[in-house]
Amino acid sequence: EVCLNAIKKANQLGQKYTMKSKGTLGYVFMKLGNLDRSDDYSQQAFDLGSKYKDTSVMLGSLNILGLNLKNSGKSDEALGVFEKALKLSKKANNLQRESQILYNISNIYMKRGDSEKGMQYFNESIEISKKSKSYRSTALNFHALALNFYAQGKLNEALAAADSAVEYALMSKNWEVMMNSFANLAHLCFANGEYQDAYACMTHAYVYKDSMNLA
């Protein structure tokens, strides 16, 4: 409702001012699982971004459109959208978005069982996020990689990725990312029979959870 009201007010100022609100609605509806409305608002945001040459809006919209296709099982179409977004992010020198899109491409290949190609894109994503010092993004990427490896039954690889997630989470100084990274590492340590390490990691997770609540 807040975003819809923002669009109404922005419309009074002209189309240019509705871009970001429509992009936000695209994201919100994606999270709510309403992919049709998400696509509608994301496409509108992309069209306006193209019209007014706002690459940030264009990239955000393409990312949502690609994720919606991926989540609908249309991975080939999703890859086409992500490749388009990747070219645009490189042209705009938007390192943070480039890293995010590379990870999304990686995720598609990993889910297809093509680990070699998936890791190729993942490593590119990590290198760029490190270069831009986006430690939160790097931590989230390693966190997601750990979950992917665990789903494939590759516990050792999952533990290594979870360790890296914790390392970059601490560098990010983001309470929520630190909490989730330690909680995930605790879960994996427990699954590997490392009960003392699991307890220590879960203790850290609770500490960061408390700190997050106090912040």
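Here is a quick tour of a predicted model, taking in its aromatic pairs, one helix and two cysteines.

Let's begin with the rings. The structure holds nine aromatic pairs, and two of the stacked ones are set out below.

| Pair | Centre to centre | Angle between planes |
|---|---|---|
| Phe29 and Tyr41 | 5.8 Å | 5° |
| Phe142 and Tyr168 | 6.0 Å | 10° |

Phe29 sits in helix H2 (residues 19-32) and Tyr41 in helix H3 (residues 35-51), so this pair links distant parts of the chain, twelve residues apart. Both rings are tucked away: Phe29 is buried at a relative accessible area of 11%, and Tyr41 is buried at 12%.

The other pair ties helix H8 (residues 135-151), home of Phe142, to helix H9 (residues 155-172), home of Tyr168; these parts are 26 residues apart in sequence. Phe142 and Tyr168 are buried too. They also belong to one aromatic cluster with Tyr103, Phe122 and Tyr135.

Next up is helix H4, which runs over residues 55-71. Its 17 residues reach 24 Å from first C-alpha to last, close to the 24 Å expected. Most of H4 is covered, with 14 of the 17 residues buried. At its start, a side-chain oxygen of Asp54 comes within 3.2 Å of the backbone nitrogen of Ser56. Just after the helix, Gly73 takes a positive phi of about 85°.

How many disulfides does a search of the whole structure find? It finds zero. Why is Cys201 not bonded to Cys189? Their sulfurs are 4.7 Å apart, which is too far for a bond, as a disulfide needs them within 2.5 Å. Both cysteines are buried, Cys189 at 5% relative accessibility and Cys201 at 9%.

Terms used
Residues are numbered from 1 along each chain as its sequence is written. This is a predicted model: local features need pLDDT of at least 70, side-chain atom pairs count only at pLDDT 80 or more; totals for chains, interfaces and linings use all residues. Side-chain values use heavy atoms; hydrogens and water are left out. Buried means under 20% relative accessible area, exposed over 50%, partly exposed in between (1.4 Å probe, protein chains only). Helices (H or I, at least four residues) and strands (E, at least two) are DSSP runs, numbered from the N terminus. The expected span of a helix is 1.5 Å times one less than its number of residues. A polar contact is a pair of N or O atoms within 3.5 Å; within protein, one must be able to donate a hydrogen and the other to accept it, and residues adjacent in sequence count only if both atoms are side-chain atoms. Rings of Phe, Tyr and Trp (its six-membered ring) pair if their centres lie within 6.5 Å; planes under 30 degrees apart count as stacked, over 60 as edge-to-face and the rest as tilted.
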